[in-house]
Structures are given as C-alpha cells and as structure tokens.
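Please find below my notes on the model, set out as numbered points. They go through the strands, the helices, the metal site and the cores in turn.

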Amino acid sequence: MTTPLLEVSNLNVSYGPIAAVRGISFCVNAGELVTIIGANGAGKTSTLNAITGLATVASGTISFDGTDLLSLPVERKAQLGIGVSPEGRRVFGDLTVRENLIAGGISLPARQAEARIDTLVERFPILKERIDQESGTLSGGEQQMLAIARGLMTSPRFLILDEPSLGLAPKIVSQVFELVQQLNQEGVSILLVEQNVRKSLAIAHRAYVMELGQIVRDGDASNLAADPTIHQAYLGAA
Ligand SMILES: Nc1ncnc2c1ncn2[C@@H]1O[C@H](COP(=O)(O)OP(=O)(O)O)[C@@H](O)[C@H]1O
Ligand SMILES: [Mg+2]
C-alpha cells in the first residue's frame, strides 16, 4: 500500500453554528487528478480552505506527504510543494501581471522568481504579452490563467484549484481544462473543485461527490460519469 500524498480524515469545518464540512475523509495519491463535485454550498471551498489554512478546522487531520498540515504555517505549505488557485481567482487588480506572479513566489529569492516567471510566461503567452499591464484590466480568462500561473510559481507537486472555469466563455473553459490535464500529465498531482461536472469527470481519475458537508459518493471518475443518478443530479439532459 502506498501512502496517499494528501490524506484528509474526519474533517470538520464550522462557521459558528454552521457545520460546513461534516466528518469527511478522502485522499489524493501521487500523480492523481481528483475532483470534488457538488452543488453550491456543499462545502467544497471550505474543504480546500481547511487544507490551505484559510478555514479553521474544528476537528480531523490533514496530512501531506506524511507531514501534519494543520500544525504548519501557510508559507511552509508552499515549501512542501502545495500550490493554490483560489476561488474567485483573487488576482490583485491594481498590481501588474509580473507583480502578481512575484506575489505567488514570495518565498523565492528574487533571481529564482524572475527565472520562474520567464519559464511560466512561455507556457502562458498571453501573460507574456501583458506582463507589465495592470491585472484588473485583463479579461476573466486571462485573470484565471494568471491565477493558475501564480499558483505554479513555487513549482508545486500538488495543485489545488477552486472552480477555475467559473464565469468563463466556453472556449476558455476548454483551455483551462486542457491546461489542468496537461499539468497532471507532467506529474503535478491535482485536487480540482468544479461546477463543470462533465468536464471535470472527463479529465479526473477519481471523484468525490459532496452534499451538505458530507461525501455521499466516490469512485472512478468514468464510473461516476456513467452513473444515472449522478447524471440526473449533476449532468442534466444530453
Ligand atoms: N466565511 C463563512 N462564514 C459563514 N458561513 C460560511 C462561510 N463560508 C462558507 N459558509 C457556509 O458554509 C457552507 C459551505 O460553503 P462552501 O464551502 O463555500 O461551499 P461550496 O464551495 O461547495 O459552494 C455554506 O452553507 C456556506 O454558506
Ligand atoms: Mg466554493
């Protein structure tokens, strides 16, 4: 048995009286692309925020490559190899593209950050074109690419993505999913939260379905995609 890269056990996250995440357990193995799907309010972002340290964990354990994540300050998580593209992109609109990227690699020495930016903009040509432009003037799709690139600044081996395709035009949505799949194929393990269930199940190895703070289904993404009850609840007609 191999140990999972990320292992979450009996996780509970509450906001005052609201129990957003209720005793969930799941894992991501090295090399996997795992997706968590579920309706608005199901607790997906709270789960990701518990991993990244943005949400307070009421109880449970989260370990990454054998290290207890809950006792670790946020900056140490980047050093361990965890990258994040947060919900709503959180691009700093009044900073340039370059400054946003530097913010993603704040733990890196300046020269290393510059070298990483040079590498990343080859992958994201639109960011190269706009490197000194204020990020608030970018389109939604461009801002999403920037959010992902910023998450890649520290060359993570594990990337957390919260609804990267939200609010984007269909063509850009496809580009985002292609990019996520490519990163995984290059060896980055990925935990993807998405409302686009069809596309997520198409690129993921495994999936978890969340409802009201709990995991109600899990399995191979292709099996879930073919499951009539999943179809009815999350994929609609066609
Ligand atoms: N900061 C917060 N304060 C209070 N309630 C919150 C907060 N964030 C999320 N919630 C509540 O927790 C539940 C789960 O939310 P969330 O994790 O954002 O779900 P999802 O990402 O699946 O849409 C919802 O009922 C939501 O209203
Ligand atoms: Mg969310």
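1. In which sense do strand E1 and strand E2 pair, and over how many bridges? Strand E1 (residues 6-15) and strand E2 (residues 18-28) are antiparallel and share eight bridges. Two strands count as paired if DSSP finds at least two bridges between them; helices (H or I, at least four residues) and strands (E, at least two) are DSSP runs, numbered from the N terminus. Across this pair, Leu11 stands opposite Ile24 in E2. The hairpin has two residues between its strands, and Gly16 takes a positive phi near 55° there.

2. On the basis of these notes: the model is predicted, local features need pLDDT of at least 70, side-chain atom pairs count only at pLDDT 80 or more, and totals for chains, interfaces and linings use all residues. Residues are numbered from 1 along each chain as its sequence is written, chains are lettered from A and ligands numbered from 1 in the order in which they are written, and side-chain values use heavy atoms, with hydrogens and water left out.

3. The open sheet has six strands in the order E6-E7-E8-E3-E9-E10, with mixed pairing. Its edge strands, E6 and strand E10 (214-220), each pair on one side only. From one strand to the next the twist averages 15°. Strand E3 (residues 33-38) runs parallel to strand E9 (residues 206-211), and five bridges join them. One bridge sets Gly38 against Met210 in E9.

4. Helices H7 and H10 both pack on this sheet. H7 touches E3, E7 and strand E8 (189-193), and its direction makes about 150° with that of E8. Helix H10 (residues 228-235) touches E3, E9 and E10, at about 60° to the direction of E9. Contact means heavy atoms within 4.5 Å; axes are lines fitted to C-alpha atoms, for helices over the stretch in contact, and angles run from 0 to 180 degrees between N-to-C directions.

5. Eleven of the twelve residues of H6 are buried, that is, under 20% relative accessible area (exposed is over 50%, partly exposed in between; 1.4 Å probe, protein chains only). The buried residues of H6 pack against elements including strand E6 (82-85), helix H4 (110-123) and helix H7 (170-185). Gln143 lies in this helix and counts as buried because its relative accessibility is 18%. Beyond four places in sequence, Gln143 touches Arg89, Val91, Ser135, Gly136 and Leu138.

6. Which protein atoms are donors of the magnesium ion (ligand 2)? They are Thr45 (OG1) and Glu87 (OE), 2.0 to 2.3 Å from the ion. Thr45 is in helix H1 (residues 44-52) and Glu87 in the loop between E6 and H3, 42 residues apart. Thr45 is buried at 19% relative accessibility, whereas Glu87 is partly exposed at 33%. Donors are N, O and S atoms within 2.8 Å of the metal (3.2 Å for Na, K and Ca); water is not among the atoms, so sites may look incomplete.

7. A nonpolar core is a set of buried Ala, Val, Leu, Ile, Met, Phe, Trp, Tyr and Cys residues joined through side-chain atoms within 4.5 Å. The largest has 44 residues, of which Leu101, Phe124, Ile148, Leu183 and Ile190 touch the most other members. H7 gives the most to this core, with six residues. Apart from this core lies another, of 31 residues, including Leu48, Ile82, Leu191 and Met210.
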